[in-house]
Amino acid sequence: MINEIVSFANNVLWGEYQILIYILVFAGVWFSLRLRFIQLRHFAYMFKVMKGSTQGDKSGISSYQALCTGLSARVGTGNLAGVAMAISLGGSGAVFWMWVIALLGMATGFAESILGQLYKVRDDHKEYRGGPAYYIRAGLNKPWLAVLFALCLFLGYGISFSAMQANTITDALNHTFEISSVYSGAVITFFAGIIVMGGLRSIARFAELIVPFMGLAFILAAVSVTLINIQQVPAVLMDIFNSAFGLTEAGAGALGAAIKNGIQRGLYSNEAGAGSVPHAAAGATPVPNHPVAQGYVQMLGVFIDTMVLCSCTAIVILLAQGNIGSEMEGIRITQNAMTHHMGMSGDMFVAIIITLFSFTSVVANYAYAESNLHLFKLDNIYGRTGYTLLYLAMVYWGANASLKEVWNMADMALGLMTVVNISALMLLTPTIVNLTRDYQVKLKATNKPEFKLADVKIQGKTEDGVWS
């Protein structure tokens, strides 16, 4: 019966009815319009705001650490396997629509991140906590909806997603290096435990060390492949645009597949609107001292995830078209493409990169769920210990399990999270617009905006002492 309920929910959310795709596209368009396409108007400022981003305080992590933590969770199998699936099912035109949804998603990511900052709280350890459950409770005064979101988050990011990422790592290592999942799973669980026991600060420090390294390594590999095949690049780009609008031989029949798969895989990868990244945004000490500053930081995260890293995977695959096989799916396509360009070292390179991508997601997922323990009055040694043990048990189990049913449960949890979060964002749109306008007016006047509660009309109320 449970499996039937989960299957029905996923069919409505992701399958036949594709409700989530319509909801997230609508949200991207809505916030792009309401914020006057801030992702385009302030594109250069998105990078400029990172100046001084390594500064933090005793209550929060730095904006740079928040960016890396957000990327830790965003950057994973979706960037390698997801892009390959989009191309295999939707053709090269899917890449274009992946870019479109990323540009729209940047506005949604901006909106949810500034709310995460505005409605954050300090826990008993004087550290910042926040996310959709917090802005639903404080901004909308709907505690029952906040609890529903938090429960879905625990089911998804707290348990299921980490198990799936661990399974991806062990599968890649077993396929390439023939390492038993029993041993690799134990190593993954051990190192994950060491990192997460230090809480958000430990996870953020790990993220700021590993994320730039793995991202740059993958980008450099893709750039090298591109330069070696530079004469083919114009034809590949032309094929992307022609396929995106049904102008190739396949015609209109392939247009729908390109749009559907490009949008769906883009949404899976950048997570804009899912309500995950606001947890990282809330933990930051923003520079300048204004909630909107963290919106720009996390908007940059969406750009890096999809427009940069997913594009790197796409170009590697498309430059190897005709040499990657016709019956492979997901990560195997990416591995074969890299093998075509780099020889046998390509397969090993992808295995190592997917291990890094997935492991950073494993530890970042812990931080998102752990932030919500405060809501249930479990932000103490007993609550944290109990959750940590459950999390580590699921990581080890996932490393050795067949995860079809857990995938389905996780998809449902992510879908429900997204529906609740987007609904809250829509209702809190006046606050999002007012905050953004206040920041931009002060930026123009002083070039260093400072947030004061008395200057902005917001819905609900923030915790005393955080912004006063």
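**Overall chain**

I began with the secondary structure and counted 20 helices and four strands in the protein chain, where helices (H or I, at least four residues) and strands (E, at least two) are DSSP runs numbered from the N terminus. I noted that this is a predicted model, in which local features need pLDDT of at least 70 and side-chain atom pairs count only at pLDDT 80 or more, while totals for chains, interfaces and linings use all residues. Residues are numbered from 1 along each chain as its sequence is written, and side-chain values use heavy atoms, with hydrogens and water left out.

For the overall dimensions I looked up the C-alpha trace, which spans about 60 × 50 × 45 Å along its principal axes. The radius of gyration of the protein chain is 21 Å, which agrees with the value near 23 Å for a compact globule of 468 residues; the radius is taken over C-alpha atoms, and the globule rule is 2.2 Å times the number of residues to the power 0.38.

I then found that buried residues make up 60% of the 468 residues, with buried meaning under 20% relative accessible area, exposed over 50% and partly exposed in between (1.4 Å probe, protein chains only). Of the contacts with a separation of 6 or more, 82% join residues 24 or more positions apart, a contact being heavy atoms within 4.5 Å.

**Helix H17 and its partners**

I next turned to helix pairs that include H17. Two packed helices are described by the angle between their axes and the distance between the axes. Axes here are lines fitted to C-alpha atoms, for helices over the stretch in contact, and angles run from 0 to 180 degrees between N-to-C directions.

I looked first at helix H10 (residues 181-196) and helix H17 (residues 344-370), whose axes come within 10 Å and cross at roughly 45°. H10 and H17 are therefore oblique to each other, given that angles under 35 degrees count as roughly parallel, over 145 as roughly antiparallel, 65 to 115 as roughly perpendicular and the rest as oblique. Their crossing is right-handed; a crossing is left-handed if the near helix is turned anticlockwise from the far one by less than a right angle, and right-handed if clockwise. From H10 the contact takes Ile188, Phe191, Ala192, Ile195 and Val196, and from H17 it takes Phe359, Val362, Val363 and Tyr366. I recorded nine nonpolar, no polar and no charged residues in this contact, with Ala, Val, Leu, Ile, Met, Phe, Trp, Tyr, Cys and Pro counted as nonpolar, Asp, Glu, Lys and Arg as charged, and the others, Gly among them, as polar.

For helix H5 (residues 63-74), I found that its axis and that of H17 come within 7 Å and cross at roughly 115°, which makes H5 roughly perpendicular to H17. This crossing is left-handed. H5 contributes Thr69, Gly70, Ser72 and Ala73, and H17 contributes Phe357, Thr360, Ser361, Ala364, Asn365 and Tyr368; I noted four nonpolar, six polar and no charged residues there.

I then looked up helix H18 (residues 381-400), where the axes of H17 and H18 come within 11 Å and cross at roughly 150°, in a right-handed crossing. On the H17 side are Val362, Val363, Asn365, Tyr366, Ala369 and Glu370, and on the H18 side Arg384, Tyr387, Thr388, Tyr391 and Val395, which divide into seven nonpolar, two polar and two charged residues.

**Single residues**

I found Tyr296 in helix H15 and recorded it as buried at 0% relative accessibility. Setting aside neighbours within four places in sequence, Tyr296 is in contact with Ile38, His42, Tyr45, Met46, Val49, Phe110, Tyr439 and Gln440. Tyr296 and Ala111 lie 185 residues apart in sequence, yet 9.4 Å apart in space, C-alpha to C-alpha.

Ile315 is also placed in helix H15 (residues 291-318) and counts as buried at 12% relative accessibility; beyond residues up to four places away, Ile315 touches Thr226 and Val236.

Pro449, in the segment after helix H20 (429-446), is buried with a relative accessible area of 0%. Apart from neighbours within four places, I listed its contacts as Pro288, Asn289, His290, Tyr439, Lys442 and Leu443.

Last, I checked Gln18, in the loop between helix H1 (2-13) and helix H2 (19-34), which counts as buried at 15% relative accessibility.
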